[in-house]
Amino acid sequence: MNNETKTGIFVLLGAMLFASTIFLLGDFSFKSYYTLYVRFEDVSGLPDKSIVKLSGVEVGKVKEIYIDENGKVIVKLNIRGGVKIYKNAAFRVGATSVIGSKFLQIDQ
């Protein structure tokens, strides 16, 4: 095997490793999601990228949290395709324990 072939294989493996690292560490996904906006008075320290759970099952993630012009907190959610959230569903901030991480709970 000559040096050009060795260099080509090395570069190809490096590119594949780089691409897989970006995919695993980045926010890329092949699943389909739809966006849902929820208005709160107070989100009690809920961070971005928190898990969204429906009946204890992870169904999405918090994408963004911001305050609208009326002073209300708007939470932008990405919900996995195929998961139905009913119009009268209740949204609340939950915690895994007293000092644990926060998540968004949906009660249908």
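**Strand pairing, core and salt bridges**

In the predicted model, leucine 54 has isoleucine 106 of β6 as its bridge partner. That pairing belongs to a wider match between β2 and β6, which run in the parallel sense over 3 bridges. On top of that, β6 pairs with β5, this time in the antiparallel sense and over 6 bridges. The β5 and β6 strands make up a hairpin, with 6 residues between them. Within this arrangement, alanine 90 sits opposite aspartate 107 of β6.

Turning to the interior, the largest nonpolar core counts 17 residues, and those touching the most other members are Phe40, Val52, Val75, Leu77, Ile79, Ile85 and Ile106. Two or more residues each come from β1 (33–40), β2 (51–54), β3 (57–67), β4 and β6 (102–107). It is β4 that hands over the largest share, 4 residues. As a general matter, nonpolar side chains in soluble globular proteins tend to be buried together. Isoleucine 85 gives a handy view of the packing: setting aside neighbours within four places in sequence, it is in contact with Tyr34, Leu36, Leu54, Ile79, Phe91, Ile106 and Gln108.

As for charges, the model has 3 salt bridges. In one of them, aspartate 68 meets arginine 39, with the closest N and O atoms 3.9 Å apart. The two ends come from distant parts of the chain, 29 residues apart: aspartate 68 is in the loop between β3 and β4, arginine 39 in strand β1. With a relative accessible area of 13%, aspartate 68 is buried, whereas arginine 39, at 57%, is exposed.

Lysine 72 and glutamate 41 form another bridge, their closest N and O atoms being 2.4 Å apart. Here both partners sit in loops, lysine 72 between β3 and β4 and glutamate 41 between β1 and β2, 31 residues apart. Lysine 72 is partly exposed at 24% relative accessible area, while glutamate 41 reaches 60% and counts as exposed.

Back on the hairpin, arginine 92 and aspartate 107 join their side chains in a salt bridge (3.2 Å, N to O). This one links strand β5 to strand β6, across 15 residues of sequence. Arginine 92 is partly exposed, at 45%, and so is aspartate 107, at 29%.

Out on the surface, Met1, Ile9, Leu12, Leu13 and Met16 form a nonpolar patch, together offering about 560 Å² of accessible area. Isoleucine 9 of this patch lies in helix α1 (residues 3–25) and counts as partly exposed because its relative accessibility is 40%. Lysine 87, in the loop between β4 (73–80) and β5 (90–95), is exposed, with 89% relative accessibility.

Conventions:
Residues numbered from 1 in each chain as written. Predicted model: local features only at pLDDT ≥ 70, side-chain atom pairs only at ≥ 80, totals over all residues. Heavy atoms only, no water. Patch = residues over 30% accessible without salt bridge, like charges linked within 9 Å, V, L, I, M, F, W, Y side chains within 5 Å. Areas by Shrake-Rupley, 256 points an atom, 1.4 Å probe, with all protein chains shown as cover. Salt bridge = Lys/Arg side-chain N within 4 Å of Asp/Glu carboxyl O. Buried < 20%, exposed > 50% of the residue type's maximum accessible area, 1.4 Å probe, protein only. Core = buried A, V, L, I, M, F, W, Y, C linked by side-chain atoms within 4.5 Å. Contact = heavy atoms within 4.5 Å. Pairing = 2+ DSSP bridges.
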